[in-house]
Amino acid sequence: MSEAAAGDLSVSIWRGGADGAFARYQVPARASQTVLDVVTHVQRHIDPTLSYRFACRVGMCGSCAMTVNGRPRWTCRTHVSKVAEGGRLEIAPLANLPVIKDLAADMSPFFEKWQAAGGAFAPTLSRADPVEPIRPSEPDRVVADAGIECINCGVCYAGCDTVRWNAAYVGPAALNRAWTLMNDRRDGAQRERLAAVAADGGCHACHSHQSCQDFCPQSLSPTGAISGLKRMAMKAYLRGELKP
Amino acid sequence: MNVRLYLWQRGTAALMAPLVLIHVAVMFYATRQGLSAADILGRTRGSVAWGLFYAAFVAAAAIHAGIGIRTILAEWTPLGARGAALAASAFALLLAGLGARAVIAVVMP
C-alpha cells in the first residue's frame, strides 16, 4: 500500500459485485473537488469500466449517493476536503442494498418499499376539477412541507440500523413520504396507507436511532415523520379504525 | 412490530414506571426500618393489595419483555419472524410463571 504523492488523493473504490473488493487509485487533488469529481476522474482517465450513477451533479436528483469513508453521502455535494482522512478516500456502493456493479447499488428494494408504504399520491379530484386552494400556513401543510424535499437518494436507508437488521422494514424515506401524504388533505388513500405503515415492517419497527436525520443531506427529519406516524396509527387503532 | 404490539409494549412500560418507583421506595423503607424477612412476610401474606400490586408488575414485565425479546430475536438471530414470536412467547410465559410463583409465595397466607 503506497502513500499518496503530494497533491494526490489515495482513493479506494469498490469494484465488482457483492463479492468484489476495493481497488486503489491515485487521483490528483483539486480545489473545490467533490467526491463525484474523484469518481468521474477515475472513470474518464484511469479505468473506463468503472460503473457508477449520477445525473444532475447539483444535489437535486438523488442519483449519486455512495458510501464515503464508511458513511452514506450524496457525492456531488460532498467536498473531498471535508471528508478525506489524510488524503485517503474509501468509496463503496450504498449499504443495505444489493450491489449491481462497482458503485451502482440496486435501488429496487428501496422503491418497492416506498410503494408498499403507500408512497403514491391518490388523487381525489380529476384534471377537470378546479385546483384546490391550500394555504401554505395550514397546519397540516406546514407538517407536510417539512418533509417534501426528500430526493430519494437512499442515504437514510443505507445508514439505518433497523433496515440492516430487519429485511421487512420499509425504511425512513418511505415512511417520511407516507407522513407527508398523511398530512395532504387532497390525498384519498389515507386509511390504506395508515394500515400499510402500521403493519409489521412499518413505522413501529423503527428504534429511533436517528441515523436517518443525522445523515440526510437535505436536513430532513424522517425520525420525526416516523414518530408522527406512530402517534397517528396508535390513535386510529385505539379508535378502532385500524386492524393490524 | 405492529401497532398492537407497540401499544402493549408502551402501555406496560407506562404501567411499570410507577410500580418500579413504589417497589424501590418500599425496599428502602424495609431496609431503613430494619425489617426482617419474617416482618415483611407478616405484612404481605394475606394482603390483597400487595398481591394485586405484584401480580400487575409480573404481568406487565412478562408482556413488555416478551415483545422486546421478540424484536431482538427477529433482528439479531436467524429464527425468523415466526420462530422469534414463538420463542418470545415461551419466554414471556416463563417470566409470568416464575413471577406468579414468587407473588404466591409472598402473599398467600
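## Close-up views of a predicted two-chain model

**View 1. Strand β3 of chain A, with side chains pointing to its two sides.** In this predicted model, strand β3 of chain A covers residues 65-68, and its residues point in two directions: A65(A) and T67(A) go one way, whereas M66(A) and V68(A) go the other way. Whichever way they point, all of these residues are buried.

**View 2. The strands that pair with β3(A).** Strand β4 of chain A, made of residues 71-74, runs antiparallel to β3(A) and is joined to it by four bridges. Within this pairing, M66(A) is found opposite R73(A) of β4(A). The two strands form a hairpin with two residues between them, and N69(A), which sits in the turn, has a positive phi of about 50°. Strand β5 of chain A, residues 88-92, also runs antiparallel to β3(A), and here two bridges make the connection. In this second pairing T67(A) has A92(A) of β5(A) standing opposite.

**View 3. The whole of chain A, as a setting for the other views.** Chain A has ten helices and seven strands in its secondary structure, and its C-alpha trace spans about 65 × 40 × 30 Å along the principal axes. Of the 244 residues in this chain, 43% are buried. When contacts in chain A are counted between residues at least 6 apart in sequence, 64% of them join residues that are at least 24 apart.

**View 4. The place where the two domains of chain A touch.** Chain A is divided into domain 1, which runs over 8-105, and domain 2, which runs over 108-238. The C-alpha centres of domain 1 and domain 2 of chain A are 29 Å apart, and 15 residues of domain 1 are in contact with 15 residues of domain 2. On the side of domain 1 of chain A that touches domain 2, the elements giving two or more residues are β3 and β4 of chain A, and the largest share, four residues, comes from β4(A). Sorted by class, this side of domain 1 of chain A has eight nonpolar, four polar and three charged residues.

**View 5. The largest nonpolar core and the surroundings of I91(A).** In soluble globular proteins, nonpolar side chains tend to be buried together. In this model the largest nonpolar core has 70 residues, and those with the most contacts inside it are I91(A), L175(A), V197(A) and L229(A). Helix α7 of chain A, residues 172-182, gives the most to this core, with seven residues, and the core draws at least three residues from each of domain 1 and domain 2 of chain A. Leaving aside neighbours within four places in sequence, I91(A) is in contact with several residues, among them V11(A), W14(A), V35(A) and L103(A), and also with M66(A) and V68(A). The last two belong to strand β3(A), where they point the same way. A second, separate core has nine residues, including A60(B), I63(B), A74(B) and A88(B).

**View 6. The side of chain B that touches chain A.** The mean pLDDT of chain B is 94, with 100% of its residues reaching 70 or more, while the model scores ipTM 0.81 and pTM 0.88. Nine residues of chain B are in contact with 13 residues of chain A. On the chain B side, the elements that give two or more residues are α1, spanning 3-32, and α3, spanning 48-76, and α1(B) provides the largest share, four residues. By class, this side of chain B has six nonpolar, one polar and two charged residues.

**View 7. Two arginines, one from each chain.** Which element holds R231(A)? R231(A) lies in helix α10 of chain A, which covers residues 222-238. R231(A) counts as exposed because 11 other C-beta atoms lie within 10 Å, and the cut-off for an exposed residue is 12 or fewer. R231(A) and K113(A) are 118 residues apart in sequence, and their C-alpha atoms are 21 Å apart in space. In chain B, R43(B) has its place in helix α2, residues 37-44, and is partly exposed, with 13 other C-beta atoms within 10 Å. Although R43(B) and V106(B) are 63 residues apart along the chain, their C-alpha atoms are separated by 9.4 Å.

Methods. Residues numbered from 1 in each chain as written. Chains lettered and ligands numbered in written order. Predicted model: local features only at pLDDT ≥ 70, side-chain atom pairs only at ≥ 80, totals over all residues. pLDDT = per-residue confidence, 0-100. Buried ≥ 20, exposed ≤ 12 C-beta atoms within 10 Å, placed from the backbone. Contact = placed C-beta atoms within 7 Å. Pairing = 2+ DSSP bridges. Domains from an automatic or database assignment. Nonpolar A, V, L, I, M, F, W, Y, C, P; charged D, E, K, R; others polar. Core = buried A, V, L, I, M, F, W, Y, C linked by C-beta atoms within 7 Å.
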